[in-house]
Amino acid sequence: MNKPGGLREWLELWVRQEWRLLLMPVAGLLIGLAQPPFGFLPGLLGYGYILWALDKHVGTRPLRQAFVMGWLAGSAYFLISCFWIVEAFMVDRETFGLKMGIPADLALGLGMGLFWGLFAILYRRFAPRGQIRFLYFAAAFSLLEMTRGMIFSGFPWNPSGATWRAGSAMSQIAAYVGVYGLGFLTVLIFSSAGVVRRHTGRGLHGYTAAIAMVLTLCGLFVLGEYRLRTTPITYSDYVVRVVQPNIGQAAKWSRGAFRHVFNDYVAMTKAPPAPGHKWPDLVIWPEGALPVSSDELFANDSWTAPVMVTLLRDNQALIFGAYRSDYDPKLGNVWRNSLIAAQQHENVFRIEGYYNKYKLVPFGEFLPYEDVLERIGFTELVHIGDGFTPGRRTSPVTYGSVPRFLPLICYEGIFPSLDLTKYTSSQDTSRPKWIVNISNDAWFGPTTGPQQHMNLASFRSIEEGLPMVRSTPTGVSGLIDPLGRMIPATKLGSQVRGLRDITLPNPAALTPYSETRFWIPVLVTCLVLIFVTVGILSRVVIRAPDNHR
């Protein structure tokens, strides 16, 4: 005889509720398809379905069942969002290939889905009664989403706020509350569909939350559109050249490719501007532009050093990405993934400074829990020594005559608020004038990865009110204005070869978000704590009379 909650009851429950469980991955898939470049925004109603499904009777072990439901939805979301990871393993087919790429994709999707499972437990355990529970749903979801972006070095890929294409009216709300705040509002609005109750006999009472959220969505759209129409975009006289040679990751590292790759960068750097236009003040090459370290590039006995020191015109600058050796007082000799700034002045070429990447890619640039994982065959994708060592936290830099900028290397572009500097006003001289984002998106290949990465990075421009220049070897490169809009005339799309001479815009006014970065995480955390506390106390009050009978 099976005890309550045993195998037979679980199987019977599975049969009764199978359709509801099967629809959870569909909901996650639809939410994933709402993200760029797909843009299927009705898919956001999947949040409403998840809330509705978690509210239903889920058997004698509701927390376990809720976890499975959330995990299924989350896994589907991340599998559709991050399938590009397989392409990264195809660069070194002999070592990795599909035998590692497919398991890595599954591991990432199923692993990230755990955050949705934990959220489902948190919601199911402490959700209040009544329509207000959609507020708790959105707060709990946002809390787990922010947690995903921070722990274990963080993976804030495709947060819910980035569903809105950067540069659109709705994306402008990130200037006030950041991408996480926009995510909270997005989930709040669309999860309200899950608390709609028909046939209440009280008119529109069952639709109160949904009607309020539709009005909220309209209000946010109007506010975003107002910002787009009223924020002036002015331009400086500083010209930046972006070089995109369209050389794939595998091709770059193939035998004999170095000379061709190097000569291509040199030729595009020295190419004359269009008739009637000035020579660029700065040339930007992408992250990992060349398949050699900067040590080798500038070695006294190398054939490349004489070319590099005569590459630039007088007072012209160059920013490029390269790996290099460095000495750390605590760790000794290490390898860095660096942004390097150089300038030609009075016929003398000199390195002006280095920015060492702070946020490294797990399994790509370093191996977490290295001692354990290496024993079972894991290595990082970049075979540089023992992997890269992170630098100091990201902050604005000034190198030579290059206007003060915020450096972001590749993966760093998806993190909100890496720069924690407090600026007093738009005229604060310590505030950067622009953002430089060099990235090696060749790892993505011809997938959705480059478009997603560009969209995510563009939110940094909206949050900070700063223009961004992106440089990648295979796309997407170009100028993003302070409102997060890629300027079409400057865009070099995926798998396109070319260069663009870009006149740099001036910064927009200091955004509300950049002045108060932490109030959204604090608000969301407080909301969750309030609902959890009320939930615990209500259970104590309900049980108390039974103890005195």
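**Figure 1. The whole chain holds 16 helices and 10 strands.** This is a predicted model. The protein has 549 residues, and 55% of them are buried. Its accessible surface comes to about 24400 Å². Carbon and sulfur atoms supply 63% of that area. Now take the contacts with a separation of 6 or more: 72% of them join residues 24 or more positions apart. A search of the whole structure also finds 15 salt bridges. Some of them appear in the close-ups below.

**Figure 2. A nonpolar patch lies on the surface.** Five residues form the patch: Trp19, Leu23, Val26, Leu30 and Phe40. Together they have about 420 Å² of accessible area. Look for tryptophan 19 in helix H1, which covers residues 7-34. Is tryptophan 19 buried or partly exposed? Its relative accessibility is 43%, so tryptophan 19 counts as partly exposed.

**Figure 3. A cis peptide bond joins proline 36 to proline 37.** The omega angle of this bond is near 5°. Proline 37 sits in the loop between H1 and helix H2. Helix H2 covers residues 46-55.

**Figure 4. Helix H2 is largely enclosed by the rest of the structure.** How many of the 10 residues of H2 are buried? Eight of them are, so the helix is largely enclosed. Four of the buried residues are Gly46, Tyr47, Gly48 and Tyr49. The others are Ile50, Leu51, Ala53 and Leu54.

**Figure 5. A salt bridge pairs aspartate 55 with arginine 133.** The N to O distance is 2.6 Å. The pair links distant parts of the chain, with aspartate 55 in helix H2 and arginine 133 in helix H6. These two residues are 78 residues apart. Side chains of opposite charge can pair when their charged atoms come close. The two partners can also be described by their cover. Aspartate 55 counts as partly exposed, because its relative accessibility is 26%. Arginine 133 counts as buried, because its relative accessibility is 11%.

**Figure 6. Helices H6 and H7 cross.** H6 covers residues 133-148, and H7 covers residues 174-191. Their axes come within 9 Å and cross at roughly 145°. The crossing of H6 and H7 is right-handed. Which residues meet here? On the H6 side they include Phe134, Phe137, Phe141 and Met146. On the H7 side they include Tyr180, Phe184, Val187 and Leu188. Small side chains appear too, among them Ala138 and Ala139 in H6.

**Figure 7. Serine 153 has a positive phi.** Its phi is near 75°, and serine 153 is a residue other than glycine. Where is serine 153? Its place is in the loop between H6 and H7. Serine 153 is partly exposed, with a relative accessible area of 22%.

**Figure 8. A salt bridge joins arginine 336 and aspartate 326.** The side chains meet at 3.0 Å, N to O. Arginine 336 belongs to strand E4 (residues 332-345), and aspartate 326 belongs to strand E3 (residues 317-328). The two are 10 residues apart. Arginine 336 counts as buried, because its relative accessibility is 6%. Aspartate 326 is partly exposed, with a relative accessible area of 22%.

**Figure 9. Cysteine 410 has a positive phi although it is not a glycine.** The angle is about 50°. Cysteine 410 lies in the loop between strand E6 (405-409) and strand E7 (434-438). Is cysteine 410 buried or exposed? With a relative accessible area of 11%, cysteine 410 is buried.

**Figure 10. Aspartate 441 forms a salt bridge with arginine 470.** The closest N and O atoms are 3.4 Å apart. Aspartate 441 lies in the loop between E7 and helix H14 (449-464), and arginine 470 lies in strand E8, so the pair ties together parts that are 29 residues apart in sequence. Both aspartate 441 and arginine 470 are buried. Elsewhere, salt bridges that share partners join Arg324, Asp326, Asp328 and Arg336 into one network.

**Figure 11. A cis peptide bond runs from glycine 475 to valine 476.** Its omega is near 15°. Valine 476 is in the loop between strand E8 (468-471) and strand E9 (478-480).

Conventions: Residues numbered from 1 in each chain as written. Predicted model: local features only at pLDDT ≥ 70, side-chain atom pairs only at ≥ 80, totals over all residues. Heavy atoms only, no water. Patch = residues over 30% accessible without salt bridge, like charges linked within 9 Å, V, L, I, M, F, W, Y side chains within 5 Å. Areas by Shrake-Rupley, 256 points an atom, 1.4 Å probe, with all protein chains shown as cover. Salt bridge = Lys/Arg side-chain N within 4 Å of Asp/Glu carboxyl O. Buried < 20%, exposed > 50% of the residue type's maximum accessible area, 1.4 Å probe, protein only. Axes fitted to C-alpha atoms, helices over the stretch in contact; angles between N-to-C directions. Left-handed = near helix turned anticlockwise from the far one by under 90°. Contact = heavy atoms within 4.5 Å.
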